[in-house]
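Okay, everyone, thanks for coming. I'd like to walk you through a structure today, so let me put it up on the screen.

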Amino acid sequence: MGKKKTALARPPRRMTKKERSRWQRERRIQRNLLIILAAVGLIAIGVLIYGIVAEMNYPNQVIARVNGEEVRLRDYWTARRLELISQWQQVQWQFNLYQTMGITLTEQQLEQFRQDTRNALLSLAQVRRETVNEVTLQKLLQDRVILQGARELGIEPTAEEVDAWLVPDQSASPTGTLPLSPTLPATATVPTPPSTLTPQERSGRVEAELAAVYDALRRMAQNFAAGDLGFSAADYIAMERYQARVSLTRQKVLEHLKAGLPQTEEQVHVSHIWIKDRSALARQVLQKLKSGQSFASQAVQYSDDAATRDRAGDIGWFRRGDGRLPPQVEAAAFALSSTAPFTLTQDGENFRLLQLVERRGDEVHLHHIVLPVDRRPEAEKLLASLTPETFEQVARQRSEDPDTASQGGDLGWVTPGEGRLSPEIEAAAQALTTTRPLTLTQDAEGFHILQLVERRDSRLHLRHILLRSGRDRAEEVLNLLRSRAKDFAQAVVEYSTDQETVQLAGDLGWVTQGKSGLPAAVEDAAFALTTTNSITLTQDGEGNFHILQLVERKSAGEVHLRHILIKSAENLAREIHAYILQAESEEERGKRFYEMALKYSDDPASKDKGGDLGWFGRDAYPEIEEQAFALEPHQFSEVFPGSLGSYHILWVHEHDMNHPLDEQVLQQRAQQAFDQWLQDRMKKAVIERYPPPTPTPIPPTPIPPPTPTESIFAPLPTTSP
């Protein structure tokens, strides 16, 4: 059989020109679409890869260089997170302290604690999103300079030393401690470690305790819905160890610099009395008086006049022109009135505060008739015929005193002892009474017929101390006063139980016999006092003991004053200096210096120690350095001026050319040396700053309120590693 022939394919029909053009156009469109899709895919893949790489490299971006050493963004995050964690820990520590002390907080205080905690946690969760904090960055750069400088000194703490800084042995002083954890009691940061730990045990304890802190932090962030913290427990442990390394390095550099400091130096042991300018004090006391404070209490506290201070500044009665006060003070005194009883005046360099107590006239109003010494019978006959009603008329006709005859013999008010009348006339006048108003007496001038027109009741100006603690105590106080071991005003403050007069230094004012309001026995004892026996002890009917002091018995003029004398700084200092040096023995001079420093020194740091400044070296007190180091041991300086109108008196106890420095001074100088070392390092450091990278924008997380079912500050379970 012959093979069957295969049919030949019909040749394709030739496309028309129009069809070919359309087909070519479609092919081009398909090719372009494929190219575009491939390009888009490549771009998307590139963007994805770039984003992944950028995200991975973001923490490693350099924000600064310190002497060529890079400071990356992750280093900044570490420093910033540690700052915020420290803030959170402080809030928890304070809250736990209140709970431990049993203090009940108000709702407002609780809300403030919640707000502070919330702010710290939210800031902590958003560290990656915030812009670089300049303060934090500066501290980070400073820490880097310290680490570099320490390496140059050969100081590089090991990992074991860092862990020992965080968890020291029980027997060692804790130079560093783990961060406070709210999982632990407020009174301790970590459980007490054994007395000694191996490096492995210490490392494990550090990691366990820091992990417990991190866990408490994470759970509280969840309570506040603050979001993810952005770092793990391992990250936190690394951060705390880095911070501990910096702190330990600081301490080692400080100790290195301290070891290079001299351990001894030339020093003196000095006491001093510092008297400040007194004008401001005078004005201050005047304001206190005007505001209603007791004049007597201010006198006892501030007056420099020893003659009146123990009398609460009481000058007593005096007359214009009697010379007892300087003219300008006298003028100021007589310008006072009951509506303006206080004033401040100055005589020379001293200041005086004046108080008007009372204005009053004389004591006895007299008329007299004067006859010559050779006419005694006539004087006696005239006295027998006189009556009070006819005295003035007879005086005009018969008296030979040209000054008073025309006035009916009127002598006016006369004060015994003022010197206007002879002693004979004064004595006779004091003997007159309302029932026997006429008498005859003689002096060198002649015979005087006296008539008492009026007598003012006898008055005393008294202070007293009221005691309710028995006679033994009362007699003890009386003996102290009589021996002058205590002044009266001081004794009033310490012993009197009469609250109405304590603030007045026991001042009862002027007391009128028969009208004093005092118990009879007390009044009788008071009017038995004299200027030579001015203090007494008496007892009233209720068993109370009274110590009385006579201030003034009778008037001597026109104005009764108290005063406070505030001497100038220089005058006071010179009087103190003279008082000290008047002592015969060195021991007595030392006692006087101590006494004057306690009473007058204006230096608050040494006043209560009797002026003792202790040992000090040069440059400690520049104002007194030259005089202090020039004096010999046990020598007193002259009075010398200080700043702002003040004056100094020094007493050098000892002078040692090689005095050991105490630990506090060494530590202060070591800190100063460290600060200077760091300042120099910062000046020499080459620090390059770069603009911080822009953080990837992330939508903020909504902040819901804390879960009401769990207390924000409820103590978390204590975990023990």
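**Salt bridges, a helix and a sheet**

Let's start with Asp 143, which makes a salt bridge to Arg 250, with 3.8 Å between the closest N and O atoms. This one ties together distant parts of the chain: Asp 143 sits in helix H4, residues 134–152, while Arg 250 is in helix H7, residues 233–259, and the two are 107 residues apart. Before I go on, keep in mind that this is a predicted model.

So, buried or exposed: what is Asp 143? Asp 143 counts as buried, because its relative accessibility is 3% and the cut-off for buried is under 20%. Its partner Arg 250 comes out at 27%, so that one is partly exposed.

That's one pair, but how many salt bridges does a search of the whole structure find? The answer is 30. Let me pick out a couple more.

Glu 400 and Arg 375 meet through their side chains, at 2.2 Å from N to O. Here too the pair links distant parts of the chain, 25 residues apart, and this time both partners are in loops. Glu 400 is in the loop between helix H13 (391–398) and strand E8 (410–414), and Arg 375 is in the loop between strand E7 (364–371) and helix H12 (376–385). Both are partly exposed, Glu 400 with a relative accessible area of 42% and Arg 375 with 24%.

Right next door in the sequence there's a local one: Arg 376 bridges to Glu 380, closest N and O atoms 2.9 Å apart. These two are four residues apart in helix H12, which means about one helical turn separates them. If you want the background, an α-helix has 3.6 residues a turn, so residues three or four places apart point the same way. Arg 376 is partly exposed at 39%, and Glu 380 is partly exposed too, at 38%. There's also a network, where salt bridges with shared partners join Glu 69, Asp 75, Arg 144 and Arg 151.

Okay, over to helix H5, residues 159–166. Which residues are buried in H5? They're Val 162, Asp 163, Trp 165 and Leu 166. Look down the axis of H5 and those buried residues fall within an arc of 155°, so they line one face of the helix. And what covers them? The cover includes helix H6 (199–223) and H7. That's the H7 that holds Arg 250 from our opening pair.

Last stop, the sheet. We have an open sheet of four strands, in the order E8-E7-E10-E9, with antiparallel pairing. At the edges are E8 and strand E9 (438–443), each pairing on one side only. On average, neighbouring strands are turned by 35° against each other, ignoring direction.

Zoom in on E9 and strand E10, residues 446–455: they run antiparallel and are joined by six bridges. For instance, Leu 438 has Gln 451 in E10 as its bridge partner.

Now, which helices pack on this sheet? One of them is H13, which touches E7, E9 and E10, with its direction making about 40° with that of E7. Another is helix H14, residues 423–431, which also touches E7, E9 and E10; the direction of H14 makes about 165° with that of E9.

That's my tour, so over to you for questions.

Methods:
Residues are numbered from 1 along each chain as its sequence is written. This is a predicted model: local features need pLDDT of at least 70, side-chain atom pairs count only at pLDDT 80 or more; totals for chains, interfaces and linings use all residues. Side-chain values use heavy atoms; hydrogens and water are left out. A salt bridge is a side-chain nitrogen of Lys or Arg within 4 Å of a carboxyl oxygen of Asp or Glu. Buried means under 20% relative accessible area, exposed over 50%, partly exposed in between (1.4 Å probe, protein chains only). The arc is that of the directions from the helix axis to the C-beta atoms. Contact means heavy atoms within 4.5 Å. Two strands pair if DSSP finds at least two bridges between them. Axes are lines fitted to C-alpha atoms, for helices over the stretch in contact, and angles run from 0 to 180 degrees between N-to-C directions.
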